[in-house]
Amino acid sequence: MADNILQTLRVQIDDIDSQLVDLLAARSQLTKQVGEYKSQVGLPIYVPSREAELLEKRRQQAQEKEVSPNLVEDILRRVMRESYQTQSHQYLCANSEAGKVVVVGGKGALGGFFVSMFERSGYQVEVLDKDDWESAGNVLNNASLVLVSVPIRFTQTVISELSRLPPYCILADVTSVKSAPLASMLEVHQGPVVGLHPMFGPNIKSMAKQVVVVCEGRKAEDYKWLVDQIAIWGAAVYHTTAQQHDDAMAFIQVMRHFSSFVYGAHLAKENPDLDLLIALSSPIYRLELAMVGRLFAQDPVLYADIIFSNNKGFELLQRFSTRLQECLTLVENGDKQGFIDQFHHIADWLGDYANECLKDSEKLLQKANDDRTLNTGI
Ligand code: NAD
């Protein structure tokens, strides 16, 4: 009897889930059409005001129907992420008169990504990779934009080879450090120059909501179309100086990646039973392991380049190491009150941002738990 009731309810739930899938398919068809229309008339993929308005309306509706507004917002955000990715096959061309775009290192991970983005925006694109320098004269001839996307350690040498570009040509790079490449580009080329740093890896499916840092070099009005193009692709463009960028990257990249590296080195030496740690883990520990572990699934040379090429990186890491020792002394001395005092001091420094972090991380932790498949023995 009880089994029958359960079975009937489950059939109804299955039916509703199936309707949800049909609705998602119908929505996806519409968002594809929106994407096509936007690329024809030149509207950006990501429009913050439209997204905010859509979420607000559905949150209100959820409230009226006594469904959790947060649940509805979560679902819609995930659905919208999917639609940014399926919408973005073709893009408006910000400068249809631009002529040839050359990506130096265009066979690489990030270079290949930009080749595809320019092609999908209607530009004529050519690649100059490491074995192509014999034909460099022809490839670079008449280029309107040369984008350097080679490993950090080769960037300066490659830039020094670009001294004979047409004067109207924009020389740009996507290197993860900015001061040295920008200075070299300004030295070697008298035309428009700009340093870019895409704050994402090449595996993303859409640039919507991603950040691209722009460091002004020379003749900003001449490379404006390139910055506009990046915005059309959906990215948030952030202007700063090369030095300010590099100083920030000492924290954002050097400290981040080096901490993960040390964490990994420590784990490997301590050699705990990883399966046991994962089995006993809390969501936050799984997230932590995921952040550390993902580093070691990637290219060690890229991360070595990032850590070793930031001119403020080493000193920052040294101070980090000193602070670790200072904090360790609190534990060594059994100074619990000292620890609590420090805790308050740091929380004060973070201010309201600490509470924002608590809220944001709560979502990530729940997601980390949702994605887990457990053998509960039932
Ligand atoms: P990659 O190794 O995948 O690609 C580099 C490409 O440059 C390769 O095709 C290589 O053959 C080519 N190359 C090497 N020497 C060359 C030369 N002398 N002339 C022409 N081509 C040459 O590296 P990547 O990950 O694409 O990184 C490229 C740049 O993008 C780096 O400066 C990096 O800092 C920056 N970047 C990378 C990421 C990322 O996540 N991969 C993110 C932001 C910025």
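Which backbone N or O atom lies 2.8 Å from an oxygen atom of the ligand? One belonging to leucine 110 does. Keep in mind that this is a predicted model.

## Polar contacts to the ligand

Leucine 110 isn't alone in facing a ligand oxygen. Valine 150 also puts a backbone N or O atom 2.9 Å from an oxygen atom of the ligand. With serine 176, the side chain does the job: one of its polar atoms lies 2.6 Å from a ligand oxygen. Taken on its own, the ligand has 830 Å² of accessible area, and the protein covers 83% of that.

## The shell around it

In total, 25 residues surround the ligand, and the ones that come nearest are Leu110, Asp129, Trp133, Val150 and Ser176. By type, the shell splits into 15 nonpolar residues, seven polar ones and three charged ones.

As for where these residues sit, helix H4 (109-119), helix H6 (152-160) and strand S5 (193-198) each chip in at least two. H6 gives the most, with three residues. The space that the ligand takes up is the second largest pocket.

## Salt bridges

Now for the charged pairs. Side chains of opposite charge can pair when their charged atoms come close. This structure holds twelve salt bridges. One of them joins the side chains of arginine 59 and glutamate 73, at 2.6 Å from N to O. Arginine 59 belongs to helix H2 (residues 48-64) and glutamate 73 to helix H3 (residues 69-87), so this pair ties together parts that are 14 residues apart in sequence.

Conventions. Residues numbered from 1 in each chain as written. Predicted model: local features only at pLDDT ≥ 70, side-chain atom pairs only at ≥ 80, totals over all residues. Heavy atoms only, no water. Near = heavy atom within 4 Å. Polar contact = N/O pair within 3.5 Å; in protein donor to acceptor, adjacent residues only side chain to side chain. Areas by Shrake-Rupley, 256 points an atom, 1.4 Å probe, with all protein chains shown as cover. 1 Å grid on protein atoms, 1.4 Å probe; cavity = no way out; pocket = protein on both sides within 12 Å on 5 of 7 lines; lining within 4 Å. Sits in = over half its atoms within 2 Å of the grid points. Helix = DSSP H or I, 4+ residues; strand = E, 2+ residues; numbered from the N terminus. Nonpolar A, V, L, I, M, F, W, Y, C, P; charged D, E, K, R; others polar. Salt bridge = Lys/Arg side-chain N within 4 Å of Asp/Glu carboxyl O.
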